[in-house]
Amino acid sequence: MDKTAVIKDLYTKYVGSEPTSITEMPGQGSNRRYFRMEGEKNIIGVLGEVKEENEAFIYMARHFKSKNLPVPEVYMVSDDSMSYIQEDLGDCILFKAIEKSRKTRVFGEDEKKMIAQTLRNLCKFQFAGADGFDFSKCYPAAEFDRRSIMWDLNYFKYCFLKATGLEFLESKLEDDFERLADVLMRSNSATFMYRDFQSRNVMLKDNEPWFIDFQGGRKGPFYYDVASFLWQAKANFPNSLRQEMLKEYITALRKYKPVDEQYFHSQLRHFVLFRTLQVLGAYGFRGYFEKKPHFMQSVPYAINNLRDLLKTPYVEYPYLNEVLNNLVNMSQFTDGLQERSLTVKVMSFAYKKGIPDDTSGNGGGFVFDCRAVNNPGKYDRYKPFTGLDASVIKYLEDDGGIFKFLEHAYALVDASVQRYKERNFTNLMVCFGCTGGQHRSVYSAQHMAEHIHEKFNVKVELIHREQNIEQTFNVK
(Lines give C-alpha, C1' and ligand atoms only; values in the text may rest on other atoms or scores of the structure.)
Protein backbone atom coordinates (compact mmCIF):
# COMPACT_ATOMS: atom_id res chain seq x y z
CA MET A 1 0.00 0.00 0.00
CA ASP A 2 1.22 3.49 -0.86
CA LYS A 3 2.06 5.09 2.48
CA THR A 4 1.06 8.51 1.20
CA ALA A 5 -2.51 7.20 0.95
CA VAL A 6 -2.75 7.59 4.74
CA ILE A 7 -1.86 11.27 4.80
CA LYS A 8 -3.97 11.82 1.68
CA ASP A 9 -6.92 10.33 3.53
CA LEU A 10 -6.25 12.55 6.57
CA TYR A 11 -6.12 15.59 4.29
CA THR A 12 -9.42 14.67 2.65
CA LYS A 13 -11.15 14.14 5.99
CA TYR A 14 -9.86 17.44 7.35
CA VAL A 15 -10.31 19.67 4.29
CA GLY A 16 -13.32 17.95 2.69
CA SER A 17 -11.62 17.48 -0.69
CA GLU A 18 -8.61 15.58 -2.00
CA PRO A 19 -5.24 17.30 -2.47
CA THR A 20 -4.42 18.25 -6.05
CA SER A 21 -0.73 17.36 -5.58
CA ILE A 22 1.52 15.59 -3.08
CA THR A 23 5.24 16.40 -3.19
CA GLU A 24 7.87 14.89 -0.93
CA MET A 25 10.07 17.49 0.71
CA PRO A 26 13.85 17.11 1.02
CA GLY A 27 14.98 15.56 4.29
CA GLN A 28 18.03 16.30 6.42
CA GLY A 29 19.06 14.17 9.38
CA SER A 30 15.64 12.84 10.27
CA ASN A 31 14.14 9.50 9.20
CA ARG A 32 10.70 11.09 9.09
CA ARG A 33 9.30 11.86 5.64
CA TYR A 34 7.51 15.13 4.94
CA PHE A 35 5.08 15.84 2.11
CA ARG A 36 3.51 19.08 0.98
CA MET A 37 -0.10 18.50 -0.02
CA GLU A 38 -1.62 21.30 -2.08
CA GLY A 39 -5.25 21.89 -2.90
CA GLU A 40 -7.99 23.85 -1.24
CA LYS A 41 -5.55 24.22 1.66
CA ASN A 42 -1.79 23.63 1.81
CA ILE A 43 -0.92 21.10 4.51
CA ILE A 44 2.18 19.15 5.52
CA GLY A 45 1.83 15.38 5.86
CA VAL A 46 4.29 13.47 8.03
CA LEU A 47 5.19 9.77 7.96
CA GLY A 48 7.17 8.71 11.01
CA GLU A 49 9.01 5.48 11.68
CA VAL A 50 8.86 5.51 15.50
CA LYS A 51 5.44 5.68 17.12
CA GLU A 52 6.75 7.05 20.42
CA GLU A 53 8.61 9.84 18.67
CA ASN A 54 5.48 10.81 16.71
CA GLU A 55 3.41 10.83 19.89
CA ALA A 56 6.02 13.00 21.63
CA PHE A 57 5.88 15.59 18.84
CA ILE A 58 2.08 15.58 18.71
CA TYR A 59 1.79 16.03 22.48
CA MET A 60 4.39 18.82 22.53
CA ALA A 61 2.91 20.66 19.55
CA ARG A 62 -0.55 20.68 21.14
CA HIS A 63 0.80 21.68 24.56
CA PHE A 64 2.88 24.55 23.13
CA LYS A 65 -0.07 25.67 21.01
CA SER A 66 -2.17 25.89 24.18
CA LYS A 67 0.50 28.25 25.56
CA ASN A 68 0.27 30.45 22.43
CA LEU A 69 3.79 29.54 21.40
CA PRO A 70 4.67 29.66 17.66
CA VAL A 71 4.55 26.03 16.54
CA PRO A 72 2.71 24.34 13.65
CA GLU A 73 -0.78 23.16 14.53
CA VAL A 74 -1.35 19.41 14.31
CA TYR A 75 -4.69 18.95 12.52
CA MET A 76 -5.27 15.18 12.49
CA VAL A 77 -3.45 11.99 13.49
CA SER A 78 -3.84 8.47 12.10
CA ASP A 79 -5.25 5.79 14.40
CA ASP A 80 -1.84 4.12 14.76
CA SER A 81 -0.05 7.47 15.37
CA MET A 82 2.38 6.69 12.57
CA SER A 83 1.15 9.57 10.38
CA TYR A 84 -0.27 13.02 10.94
CA ILE A 85 -0.96 16.27 9.14
CA GLN A 86 0.10 19.71 10.33
CA GLU A 87 0.10 23.39 9.46
CA ASP A 88 2.25 24.42 6.48
CA LEU A 89 4.60 27.22 7.60
CA GLY A 90 6.08 27.74 4.14
CA ASP A 91 9.64 27.21 2.97
CA CYS A 92 11.67 29.97 4.62
CA ILE A 93 14.00 28.66 7.32
CA LEU A 94 16.16 31.00 9.37
CA PHE A 95 19.32 29.19 8.26
CA LYS A 96 18.55 30.07 4.63
CA ALA A 97 17.33 33.59 5.40
CA ILE A 98 20.71 34.53 6.91
CA GLU A 99 22.76 32.69 4.27
CA LYS A 100 24.57 35.76 2.94
CA SER A 101 25.37 36.96 6.44
CA ARG A 102 26.66 33.52 7.40
CA LYS A 103 29.07 33.61 4.48
CA THR A 104 30.29 37.18 5.01
CA ARG A 105 29.96 37.15 8.81
CA VAL A 106 28.43 40.63 8.53
CA PHE A 107 24.95 40.60 10.06
CA GLY A 108 22.67 43.52 9.35
CA GLU A 109 20.00 44.89 11.66
CA ASP A 110 17.23 42.80 10.07
CA GLU A 111 19.15 39.57 10.60
CA LYS A 112 20.02 40.55 14.16
CA LYS A 113 16.36 41.27 14.91
CA MET A 114 15.35 37.81 13.64
CA ILE A 115 18.03 36.09 15.72
CA ALA A 116 17.20 38.12 18.83
CA GLN A 117 13.48 37.36 18.49
CA THR A 118 14.31 33.68 18.07
CA LEU A 119 16.23 33.69 21.36
CA ARG A 120 13.42 35.55 23.14
CA ASN A 121 10.96 32.94 21.88
CA LEU A 122 13.33 30.20 23.02
CA CYS A 123 13.20 31.56 26.55
CA LYS A 124 9.39 31.43 26.45
CA PHE A 125 9.51 27.79 25.33
CA GLN A 126 11.93 26.89 28.10
CA PHE A 127 9.94 28.48 30.93
CA ALA A 128 6.34 29.16 29.87
CA GLY A 129 6.39 26.00 27.75
CA ALA A 130 7.39 23.93 30.80
CA ASP A 131 4.34 25.12 32.74
CA GLY A 132 2.00 22.12 33.01
CA PHE A 133 4.19 20.07 30.67
CA ASP A 134 4.11 16.29 31.21
CA PHE A 135 7.76 15.28 30.77
CA SER A 136 6.83 11.59 30.88
CA LYS A 137 5.60 12.11 27.30
CA CYS A 138 9.14 12.85 26.08
CA TYR A 139 11.06 10.48 23.83
CA PRO A 140 13.59 8.91 24.08
CA ALA A 141 14.28 10.38 27.54
CA ALA A 142 12.23 12.38 30.02
CA GLU A 143 15.09 14.54 31.21
CA PHE A 144 18.70 15.56 30.71
CA ASP A 145 20.51 13.49 33.31
CA ARG A 146 23.94 12.05 33.96
CA ARG A 147 23.22 8.95 31.90
CA SER A 148 22.25 11.01 28.83
CA ILE A 149 25.39 13.15 29.26
CA MET A 150 27.59 10.06 29.25
CA TRP A 151 25.71 8.66 26.25
CA ASP A 152 26.51 11.80 24.28
CA LEU A 153 30.14 11.92 25.35
CA ASN A 154 30.62 8.29 24.41
CA TYR A 155 28.77 8.98 21.15
CA PHE A 156 31.53 11.52 20.43
CA LYS A 157 34.23 9.08 21.53
CA TYR A 158 33.10 6.08 19.50
CA CYS A 159 31.49 7.70 16.45
CA PHE A 160 33.91 10.55 15.87
CA LEU A 161 37.11 10.41 17.90
CA LYS A 162 37.90 6.76 17.21
CA ALA A 163 36.86 7.16 13.58
CA THR A 164 39.62 9.75 13.08
CA GLY A 165 42.30 7.25 14.15
CA LEU A 166 43.58 9.46 16.97
CA GLU A 167 45.28 7.52 19.77
CA PHE A 168 44.19 8.26 23.35
CA LEU A 169 43.95 6.67 26.80
CA GLU A 170 40.32 5.76 27.28
CA SER A 171 40.41 5.57 31.09
CA LYS A 172 41.92 9.07 31.44
CA LEU A 173 39.40 10.45 28.98
CA GLU A 174 36.54 8.85 30.92
CA ASP A 175 37.80 10.54 34.11
CA ASP A 176 37.44 13.94 32.47
CA PHE A 177 34.06 12.98 31.03
CA GLU A 178 32.92 12.35 34.62
CA ARG A 179 34.23 15.77 35.68
CA LEU A 180 32.41 17.44 32.80
CA ALA A 181 29.20 15.63 33.73
CA ASP A 182 29.54 16.91 37.32
CA VAL A 183 29.76 20.50 36.06
CA LEU A 184 26.82 20.15 33.67
CA MET A 185 24.58 18.48 36.27
CA ARG A 186 24.85 21.41 38.68
CA SER A 187 22.67 23.40 36.22
CA ASN A 188 19.67 21.09 36.08
CA SER A 189 16.33 22.90 36.15
CA ALA A 190 12.65 22.13 35.57
CA THR A 191 12.67 23.88 32.19
CA PHE A 192 12.00 22.55 28.69
CA MET A 193 15.21 21.71 26.84
CA TYR A 194 14.65 21.73 23.08
CA ARG A 195 17.70 19.48 22.53
CA ASP A 196 18.28 20.28 18.84
CA PHE A 197 17.73 24.01 18.78
CA GLN A 198 19.40 25.45 15.68
CA SER A 199 18.59 27.78 12.80
CA ARG A 200 17.51 24.90 10.54
CA ASN A 201 14.68 24.22 12.98
CA VAL A 202 13.35 27.77 12.93
CA MET A 203 10.85 28.73 10.22
CA LEU A 204 10.04 32.31 9.30
CA LYS A 205 6.37 33.02 8.77
CA ASP A 206 5.31 36.66 8.28
CA ASN A 207 8.88 37.56 9.36
CA GLU A 208 8.35 35.92 12.75
CA PRO A 209 10.25 32.82 13.99
CA TRP A 210 8.26 29.59 14.40
CA PHE A 211 9.75 26.43 15.90
CA ILE A 212 9.72 22.90 14.45
CA ASP A 213 11.38 19.51 15.15
CA PHE A 214 11.24 19.73 18.94
CA GLN A 215 10.23 16.07 19.42
CA GLY A 216 13.57 15.22 21.08
CA GLY A 217 12.95 17.78 23.84
CA ARG A 218 12.97 16.94 27.54
CA LYS A 219 13.38 18.51 30.96
CA GLY A 220 16.81 20.07 31.21
CA PRO A 221 19.04 23.14 31.66
CA PHE A 222 18.38 26.21 29.53
CA TYR A 223 22.11 26.64 28.84
CA TYR A 224 22.09 23.70 26.45
CA ASP A 225 19.74 25.30 23.89
CA VAL A 226 21.60 28.62 23.97
CA ALA A 227 24.87 26.82 23.24
CA SER A 228 23.21 24.71 20.55
CA PHE A 229 21.82 27.75 18.72
CA LEU A 230 24.60 30.31 18.94
CA TRP A 231 27.41 27.78 18.37
CA GLN A 232 25.66 25.84 15.58
CA ALA A 233 28.55 24.78 13.34
CA LYS A 234 27.37 26.00 9.94
CA ALA A 235 25.56 29.07 11.29
CA ASN A 236 29.06 30.60 11.44
CA PHE A 237 28.10 33.33 13.91
CA PRO A 238 31.02 35.63 14.80
CA ASN A 239 31.82 35.91 18.51
CA SER A 240 30.82 39.57 18.55
CA LEU A 241 27.30 38.61 17.40
CA ARG A 242 27.12 35.79 19.94
CA GLN A 243 27.90 38.20 22.76
CA GLU A 244 25.32 40.68 21.49
CA MET A 245 22.67 37.97 21.26
CA LEU A 246 23.54 36.60 24.72
CA LYS A 247 22.60 40.01 26.14
CA GLU A 248 19.22 39.68 24.42
CA TYR A 249 18.72 36.22 25.88
CA ILE A 250 19.76 37.26 29.39
CA THR A 251 17.27 40.15 29.26
CA ALA A 252 14.52 37.67 28.38
CA LEU A 253 15.75 35.21 31.02
CA ARG A 254 15.46 37.82 33.77
CA LYS A 255 11.68 37.78 33.32
CA TYR A 256 11.71 34.26 34.74
CA LYS A 257 14.63 34.17 37.20
CA PRO A 258 17.50 36.24 38.68
CA VAL A 259 20.68 36.05 36.61
CA ASP A 260 24.29 36.24 37.79
CA GLU A 261 25.91 37.15 34.48
CA GLN A 262 29.41 36.06 35.48
CA TYR A 263 28.16 32.63 36.52
CA PHE A 264 25.93 32.42 33.43
CA HIS A 265 28.85 32.92 31.04
CA SER A 266 31.12 30.63 33.05
CA GLN A 267 28.60 27.80 33.04
CA LEU A 268 27.58 28.34 29.40
CA ARG A 269 31.16 27.73 28.30
CA HIS A 270 30.98 24.14 29.53
CA PHE A 271 27.72 23.56 27.70
CA VAL A 272 29.24 24.95 24.49
CA LEU A 273 32.05 22.40 24.78
CA PHE A 274 29.62 19.59 25.52
CA ARG A 275 27.30 20.50 22.65
CA THR A 276 30.25 20.74 20.26
CA LEU A 277 31.36 17.24 21.20
CA GLN A 278 27.78 15.95 20.89
CA VAL A 279 27.33 17.33 17.37
CA LEU A 280 30.72 15.94 16.29
CA GLY A 281 29.48 12.55 17.46
CA ALA A 282 26.34 13.03 15.36
CA TYR A 283 28.36 14.18 12.35
CA GLY A 284 30.62 11.17 12.75
CA PHE A 285 27.74 8.72 12.83
CA ARG A 286 25.69 10.37 10.06
CA GLY A 287 28.75 11.18 7.96
CA TYR A 288 31.45 8.54 8.50
CA PHE A 289 29.04 5.63 8.97
CA GLU A 290 25.82 6.57 7.15
CA LYS A 291 27.73 8.48 4.42
CA LYS A 292 25.36 11.46 4.40
CA PRO A 293 27.21 14.34 2.70
CA HIS A 294 25.40 17.14 4.56
CA PHE A 295 26.96 15.99 7.83
CA MET A 296 30.44 15.52 6.38
CA GLN A 297 30.30 19.09 5.08
CA SER A 298 29.54 20.32 8.60
CA VAL A 299 32.58 18.68 10.24
CA PRO A 300 35.10 21.46 9.34
CA TYR A 301 32.78 24.10 10.82
CA ALA A 302 32.45 22.17 14.09
CA ILE A 303 36.22 21.59 14.22
CA ASN A 304 36.75 25.34 13.75
CA ASN A 305 34.32 26.01 16.60
CA LEU A 306 36.26 23.59 18.77
CA ARG A 307 39.57 25.14 17.76
CA ASP A 308 38.29 28.56 18.82
CA LEU A 309 37.00 27.22 22.15
CA LEU A 310 40.37 25.68 22.96
CA LYS A 311 42.13 29.06 22.67
CA THR A 312 41.06 29.41 26.29
CA PRO A 313 42.09 26.03 27.78
CA TYR A 314 39.59 23.93 29.69
CA VAL A 315 41.87 23.47 32.69
CA GLU A 316 39.09 21.60 34.53
CA TYR A 317 39.56 18.69 32.10
CA PRO A 318 43.32 18.51 31.42
CA TYR A 319 43.41 15.23 29.50
CA LEU A 320 40.29 15.98 27.48
CA ASN A 321 41.80 19.38 26.65
CA GLU A 322 44.99 17.67 25.46
CA VAL A 323 43.12 15.14 23.32
CA LEU A 324 40.96 17.83 21.72
CA ASN A 325 44.01 19.95 20.86
CA ASN A 326 45.55 16.90 19.21
CA LEU A 327 42.27 16.34 17.36
CA VAL A 328 41.95 19.82 15.84
CA ASN A 329 45.60 19.70 14.74
CA MET A 330 45.29 16.38 12.91
CA SER A 331 46.41 16.62 9.28
CA GLN A 332 42.99 15.63 7.98
CA PHE A 333 41.59 18.85 9.48
CA THR A 334 44.51 21.11 8.53
CA ASP A 335 45.87 19.82 5.20
CA GLY A 336 42.98 21.22 3.19
CA LEU A 337 43.84 24.72 4.35
CA GLN A 338 47.52 24.31 3.56
CA GLU A 339 46.88 22.94 0.06
CA ARG A 340 44.95 26.06 -1.01
CA SER A 341 47.52 28.59 0.06
CA LEU A 342 46.48 31.58 -2.02
CA THR A 343 45.28 34.55 0.01
CA VAL A 344 43.49 37.38 -1.79
CA LYS A 345 43.43 40.71 0.01
CA VAL A 346 40.55 42.96 -1.04
CA MET A 347 40.47 46.55 0.17
CA SER A 348 38.31 49.66 -0.11
CA PHE A 349 39.96 53.05 0.29
CA ALA A 350 39.67 56.81 -0.24
CA TYR A 351 41.89 58.24 -2.99
CA LYS A 352 42.49 61.39 -0.95
CA LYS A 353 44.22 59.19 1.66
CA GLY A 354 46.37 57.35 -0.86
CA ILE A 355 46.40 53.98 -2.60
CA PRO A 356 47.07 51.18 -0.06
CA ASP A 357 50.50 49.61 0.23
CA ASP A 358 50.90 45.89 -0.45
CA THR A 359 52.35 44.43 2.75
CA SER A 360 53.04 41.08 1.05
CA GLY A 361 55.96 42.66 -0.78
CA ASN A 362 54.61 41.78 -4.23
CA GLY A 363 54.15 45.38 -5.33
CA GLY A 364 50.36 45.56 -5.33
CA GLY A 365 47.80 44.16 -7.75
CA PHE A 366 44.56 45.52 -9.17
CA VAL A 367 43.38 49.04 -8.33
CA PHE A 368 39.88 49.87 -9.58
CA ASP A 369 38.60 53.45 -9.64
CA CYS A 370 34.92 53.58 -8.62
CA ARG A 371 34.53 57.32 -9.04
CA ALA A 372 32.71 57.04 -12.41
CA VAL A 373 29.81 55.29 -10.63
CA ASN A 374 27.01 57.53 -9.36
CA ASN A 375 27.95 58.81 -5.91
CA PRO A 376 25.46 58.46 -3.00
CA GLY A 377 27.76 60.70 -0.95
CA LYS A 378 26.36 63.74 -2.78
CA TYR A 379 23.16 63.40 -0.76
CA ASP A 380 22.89 64.14 2.95
CA ARG A 381 20.54 61.21 3.58
CA TYR A 382 23.28 58.72 2.64
CA LYS A 383 26.15 60.37 4.49
CA PRO A 384 25.66 58.42 7.76
CA PHE A 385 25.73 55.10 5.88
CA THR A 386 28.23 52.93 3.99
CA GLY A 387 28.13 50.58 1.03
CA LEU A 388 27.11 47.82 3.44
CA ASP A 389 23.79 49.48 4.31
CA ALA A 390 20.54 48.70 2.53
CA SER A 391 19.69 52.28 1.52
CA VAL A 392 23.09 52.81 -0.13
CA ILE A 393 22.98 49.39 -1.79
CA LYS A 394 19.56 50.22 -3.28
CA TYR A 395 20.81 53.59 -4.57
CA LEU A 396 23.87 52.01 -6.22
CA GLU A 397 21.94 49.14 -7.76
CA ASP A 398 18.91 51.06 -9.03
CA ASP A 399 20.52 52.35 -12.24
CA GLY A 400 22.58 49.19 -12.84
CA GLY A 401 25.89 51.01 -13.36
CA ILE A 402 27.59 49.27 -10.46
CA PHE A 403 26.71 45.85 -11.94
CA LYS A 404 28.44 46.62 -15.26
CA PHE A 405 31.47 48.01 -13.45
CA LEU A 406 31.85 44.91 -11.30
CA GLU A 407 31.18 42.56 -14.19
CA HIS A 408 34.34 43.82 -15.89
CA ALA A 409 36.30 43.78 -12.63
CA TYR A 410 35.23 40.17 -11.94
CA ALA A 411 36.42 39.06 -15.38
CA LEU A 412 39.88 40.54 -14.87
CA VAL A 413 40.33 39.32 -11.31
CA ASP A 414 38.90 35.82 -11.99
CA ALA A 415 41.53 35.17 -14.64
CA SER A 416 44.31 36.15 -12.25
CA VAL A 417 42.97 34.14 -9.32
CA GLN A 418 42.73 31.06 -11.50
CA ARG A 419 46.31 31.44 -12.76
CA TYR A 420 47.66 32.28 -9.30
CA LYS A 421 46.14 29.06 -7.95
CA GLU A 422 47.56 27.00 -10.80
CA ARG A 423 51.04 28.49 -10.29
CA ASN A 424 50.92 28.21 -6.48
CA PHE A 425 51.23 31.94 -5.91
CA THR A 426 50.38 32.97 -2.36
CA ASN A 427 49.16 36.58 -2.54
CA LEU A 428 46.97 38.78 -4.71
CA MET A 429 45.73 42.27 -3.85
CA VAL A 430 42.56 43.88 -5.24
CA CYS A 431 41.70 47.46 -4.26
CA PHE A 432 38.69 49.67 -4.92
CA GLY A 433 38.95 53.42 -4.43
CA CYS A 434 36.40 56.22 -4.38
CA THR A 435 36.27 59.76 -3.03
CA GLY A 436 35.69 58.99 0.63
CA GLY A 437 36.14 55.23 0.88
CA GLN A 438 32.64 54.94 2.29
CA HIS A 439 30.02 54.05 -0.33
CA ARG A 440 31.03 52.90 -3.83
CA SER A 441 34.39 51.36 -2.91
CA VAL A 442 32.94 49.60 0.14
CA TYR A 443 30.10 48.10 -1.91
CA SER A 444 32.51 46.98 -4.64
CA ALA A 445 35.13 45.50 -2.32
CA GLN A 446 32.49 43.61 -0.32
CA HIS A 447 30.99 42.06 -3.44
CA MET A 448 34.38 41.23 -4.92
CA ALA A 449 35.45 39.46 -1.72
CA GLU A 450 32.25 37.42 -1.61
CA HIS A 451 32.54 36.62 -5.32
CA ILE A 452 36.14 35.37 -5.10
CA HIS A 453 35.50 33.31 -1.99
CA GLU A 454 32.37 31.72 -3.40
CA LYS A 455 33.83 30.95 -6.83
CA PHE A 456 37.33 29.84 -5.92
CA ASN A 457 37.12 28.82 -2.23
CA VAL A 458 40.34 30.62 -1.33
CA LYS A 459 41.11 32.64 1.77
CA VAL A 460 40.04 36.25 1.31
CA GLU A 461 41.04 39.06 3.67
CA LEU A 462 38.67 42.00 3.30
CA ILE A 463 39.59 45.43 4.67
CA HIS A 464 37.42 48.52 4.47
CA ARG A 465 40.31 50.82 5.37
CA GLU A 466 38.47 54.05 6.04
CA GLN A 467 35.68 52.29 7.94
CA ASN A 468 38.01 50.24 10.17
CA ILE A 469 36.17 47.06 9.22
CA GLU A 470 38.00 43.78 8.61
CA GLN A 471 36.68 40.34 7.68
CA THR A 472 38.30 37.04 6.82
CA PHE A 473 36.64 34.54 4.50
CA ASN A 474 38.32 31.23 5.32
CA VAL A 475 38.53 28.16 3.11
CA LYS A 476 35.36 26.11 3.47
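**Exercise 1. The sheet around E10**

How many bridges join strand E10 to strand E12, and do the two strands run parallel or antiparallel? Then place both strands in their sheet.

Solution. The model is a predicted one.

Step 1. Look at residues 343-350, which form strand E10, and residues 427-434, which form strand E12. Eight bridges join the two strands, and they run parallel. One opposing pair is Val 344 and Leu 428, the latter in E12.

Step 2. Read the order of the strands across the sheet: E11-E12-E10-E13-E14. This open sheet has five strands, and its pairing is mixed.

Step 3. Find the edges. E11 (366-369) and E14 (469-473) each have a single partner strand, so one side of each lacks a neighbour in the sheet. From one strand to the next, the twist averages 15°.

Step 4. Add the helix. H16, residues 440-456, packs on this sheet and touches E10, E12, E13 (459-464) and E14. The direction of H16 makes about 170° with that of E10.

**Exercise 2. The sheet from E1 to E5**

Describe the sheet that contains E4 and E5, and the helices that touch these strands.

Solution.

Step 1. The order is E1-E2-E3-E5-E4, an open sheet of five strands with antiparallel pairing.

Step 2. The edge strands are E1 (21-24) and E4; each has a single partner strand, so one side of each is left without a neighbour in the sheet. Direction ignored, neighbouring strands are turned by 25° against each other on average.

Step 3. Three bridges link E4 and E5, which run antiparallel. Val 74 is opposite Gln 86 in E5.

Step 4. Helix H1 (residues 4-15) packs on the sheet. H1 touches E1, E2 (33-38), E3 (43-47), E4 and E5, and its direction makes about 50° with that of E5. Helix H2 (residues 51-66) lies across E4 and E5 and runs at about 145° to E4.

Step 5. Turn to the loop between E4 (74-77) and E5 (83-87), where Ser 81 lies. Ser 81 is not a glycine, yet its phi is positive, about 65°. Is Ser 81 buried or exposed? Its relative accessible area is 12%. The cut-off for buried is under 20%, so Ser 81 is buried.

**Exercise 3. A hairpin and the loop after it**

Which residue in the turn between E7 and E8 has a positive phi?

Solution.

Step 1. Strand E7 (residues 202-205) and E8 run antiparallel and are joined by four bridges. Lys 205 has Glu 208 in E8 as its bridge partner.

Step 2. E7 and E8 form a hairpin with two residues between them. Asp 206, in the turn, has a positive phi of about 55°.

Step 3. Continue to the loop between E8 (208-211) and E9 (218-219), which holds Asp 213. The phi of Asp 213 is also positive, near 55°.

Step 4. For background, most residues other than glycine have a negative phi, and most peptide bonds are trans. A cis peptide bond is found between Tyr 139 and Pro 140, with omega about 10°. Pro 140 lies in the loop between H5 (109-127) and H6 (146-164).

**Exercise 4. Two helix pairs**

Describe how H5 packs with H8, and how H7 packs with H12.

Solution.

Step 1. H5 and H8 (residues 222-230) pack at about 155°, with axes 11 Å apart. Angles over 145 degrees count as roughly antiparallel, so H5 is roughly antiparallel to H8. Their crossing is right-handed.

Step 2. In H5 the contact includes Ile 115, Leu 119 and Leu 122, and in H8 it includes Phe 222, Val 226 and Phe 229. By class, the contact of H5 with H8 has eight nonpolar, two polar and one charged residues.

Step 3. The axes of H7 (residues 170-185) and H12 (residues 318-328) come within 7 Å and cross at roughly 115°. This crossing is left-handed.

Step 4. Lys 172, Leu 173, Asp 176 and Phe 177 of H7 meet Pro 318, Tyr 319, Leu 320 and Val 323 of H12. These divide into six nonpolar, no polar and two charged residues.

Step 5. Asp 175 also lies in H7 and is partly exposed, with a relative accessible area of 42%. Asp 175 and Tyr 319 are 144 residues apart along the chain, and their C-alpha atoms are separated by 8.6 Å.

Methods:
Residues numbered from 1 in each chain as written. Predicted model: local features only at pLDDT ≥ 70, side-chain atom pairs only at ≥ 80, totals over all residues. Heavy atoms only, no water. Pairing = 2+ DSSP bridges. Axes fitted to C-alpha atoms, helices over the stretch in contact; angles between N-to-C directions. Contact = heavy atoms within 4.5 Å. Buried < 20%, exposed > 50% of the residue type's maximum accessible area, 1.4 Å probe, protein only. Parallel < 35°, antiparallel > 145°, perpendicular 65-115°, else oblique. Left-handed = near helix turned anticlockwise from the far one by under 90°. Nonpolar A, V, L, I, M, F, W, Y, C, P; charged D, E, K, R; others polar.
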